Amino acid sequence: MSKAILLKNTTIIDPKNETEFSGSVLIKNGLIADIIKEKTNLNVPNCEVIDCQNYILSPGLIDMWVFTGEPGFEHIETIEGVSNAALKAGITSIASRPDTNPIIDEIELVEYIKSKSLEKSKVKFYPIAALTKKTLGENMTEIGSLIDAGAVGFSNAYKEIKNTKVLKNAFTYATNFDAQIIQVPISDLDQGGVMNESEMSMRLGLPGMISIAETIALERELRIAKHTGTKYHSMCISTKESLNAIMHYKNLTDSITSGISINNLILNENDIGAYRTFFKLRPPLRSEEDRFFLIDNLQSNNIDVITSSHDPQGTESKRLPFEEASFGATGIETLLSASLSLYHSGHISLPKLLKKLTYNPSKILKLDETGSMEIGKKADLILFDKDAPWILKADKLISKCKNTTFEDQKMQGKVLLTIIEGNIVFKSDF
C-alpha cells in the first residue's frame, strides 16, 4: 500500500475540462483523494509533503502507439527498456503495437504482454492486438476473446487490408464487441516509396510516397467505419487532405477520432537534408504546407491525440543508403518536450495540449481509472518544469536504440516526478 502524499503549491492542469489553477493534491491508497484549489495547511498523519514550487502537475502521459520489441525484437527494444525510458519522460501508460514476432493475434500473446509488463515494468502496458491473423489481411482475429484477454484495440499496423470485404466484416465484428479499431492509413500506392513525393524527393533522386495514398486509404476506412458504426481511430495522419477527411467524418459521426505523430508536427521533408536516415519515418515527413495545416488545427478538436510513434531501429539498419534503411526512430523520451514546443510557440494552450496526451487517449482506449485529474482516479501523475532547457544528446538516452530525430536539439521541459498509483517511481532534483 502506498503512503499518503500531499503535493502542495503546484499549478494543476485539468485536461478533461481544459483548465489550470493553483492548488494542492492529496494522494491516499494510490488514488487522488482530494484536490484543493487554494493554499492549504492540511495536516495528514503519516503523509509525505512535497512542495512543488508552482511547477506543473498533470495526469501522466498516455502514449498510444509504441513499438516495444517483445516478443521477437529484443535486440531493438524490450518492455523493460521502454518502461525505464518512459518513467523519466513522464509517460505512465503505453499502448503497444501488435506487429512483433510473433504477431499479437492470439489470446496467449496478449496475456504474454500483460504478464511480462507486470514483471518488468512500472509503467502500465495495454496491448493492441492484430485486426487480422498475422496482419495478412485475410482472416480476422477473435476480437471478443482478445478483449477478454486484455486487448484495448485492434490494428493491422503497417499492413494494408486489401480485401474490402474482409475489412468490412472485421469492422462489423468489432462493432458487435464495442471494440476500438486503431488503423494507420496504408495503400499500395506507396509501395517502394521512402519519403514524401515532392520536388524534394525528385531532387534527392528518391522514390516518393504520394500524399493522396494516405488519404485514399483513410477515406475508404472512414466510409466503412461510418457504415458499420465502428469506433475508429486513425493513427498518425500526416497530410492536409487526410485531416480534411477526418473533419468531414467527425461531422457525420462521433465514433471517429484521429492521432498524429509528434514528428509530423515538428519536422518536415526538408529535415531529411543530405539523406539523413534517422528522418526516414512512417508516415513520412511531409511538406511544410501540410505541417502548418496540421498545427493550425491543433487547438481545435479535429486532432484528438499526439503520440511519440516510438519505432526504434538498430544502428546497422540505419547506417545504410536511404532507400535501404529501415523506417522509424526512437521517440518515448522526447514526447513531452517536443510537444511543449508547440505550446511555447503559441500554437496551443497547455491544458489543450495535455488533453491530447492524457485524457483523450484514456477515453479512446477506455482506461477509465487514469488520464484525468479527478478525485477517486488512480494517482498516475507527473510534475514537470515546462521551461527547463536542455540539449538532447543521443548517447544520454535510456532507450536501447539512439536513432532520435531530435539529436543536438535545444529542448524545453523536464519531468521532476513520475507517480504511478501513488508511488513515486521517478524523481529528479528540484
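**Exercise 1. Which residue follows α1, and what is the sign of its phi?**

Solution. The model is a predicted one, in which local features need pLDDT of at least 70 and side-chain atom pairs count only at pLDDT 80 or more, while totals for chains, interfaces and linings use all residues. Residues are numbered from 1 along each chain as its sequence is written, and side-chain values use heavy atoms, with hydrogens and water left out.

Step 1: helices (H or I, at least four residues) and strands (E, at least two) are DSSP runs numbered from the N terminus, and helix α1 covers residues 79-89. Step 2: the residue that follows α1 is Gly 90, and its phi is positive, near 80°. Step 3: eight of the 11 residues of α1 are buried (under 20% relative accessible area, with exposed meaning over 50% and partly exposed in between, for a 1.4 Å probe and protein chains only), so the helix is largely enclosed by the rest of the structure. Step 4: the buried residues of α1 are Ile 79, Gly 81, Val 82, Ser 83, Ala 85, Ala 86, Leu 87 and Ala 89.

**Exercise 2. Describe the packing of α7 with α9.**

Solution. Step 1: helix α7 (residues 240-250) packs against helix α9 (residues 288-296) at an angle of about 30°, and their axes are 8 Å apart; axes are lines fitted to C-alpha atoms, for helices over the stretch in contact, and angles run from 0 to 180 degrees between N-to-C directions. Step 2: α7 is therefore roughly parallel to α9, a label given to angles under 35 degrees, whereas those over 145 count as roughly antiparallel, 65 to 115 as roughly perpendicular and the rest as oblique. Step 3: Lys 240, Glu 241, Leu 243 and Asn 244 of α7 make the contact (heavy atoms within 4.5 Å) with Glu 289, Asp 290, Phe 293 and Leu 294 of α9. Step 4: these residues divide into three nonpolar, one polar and four charged, where Ala, Val, Leu, Ile, Met, Phe, Trp, Tyr, Cys and Pro count as nonpolar, Asp, Glu, Lys and Arg as charged, and the others, Gly among them, as polar.

**Exercise 3. Characterise α12 and its contact with α11.**

Solution. Step 1: helix α12 (residues 350-357) is mostly covered, since eight of its eight residues are buried, including Lys 352, Lys 355 and Lys 356. Step 2: Ser 349 caps the N-terminal end of α12, with a side-chain oxygen 3.3 Å from the backbone nitrogen of Lys 352. Step 3: the axes of α12 and helix α11 (residues 335-344) come within 10 Å and cross at roughly 145°. Step 4: Leu 335, Ser 339, Leu 340 and Tyr 343 in α11 meet Leu 350, Leu 353 and Leu 357 in α12, a set that divides into six nonpolar, one polar and no charged.

**Exercise 4. Is Asn 302 buried or exposed, and which residues does Asn 302 touch?**

Solution. Step 1: Asn 302 is found in the loop between α9 and β15 (305-307). Step 2: Asn 302 counts as buried because its relative accessibility is 17%. Step 3: leaving out residues up to four places away in sequence, Asn 302 touches Leu 243, Ile 246, Met 247, Lys 250, Ser 258 and Asn 297.

**Exercise 5. Locate Lys 165 and state its exposure.**

Solution. Step 1: Lys 165 is found in helix α4 (residues 164-176). Step 2: Lys 165 has a relative accessible area of 62% and is therefore exposed.

How values were computed
Polar contact = N/O pair within 3.5 Å; in protein donor to acceptor, adjacent residues only side chain to side chain.
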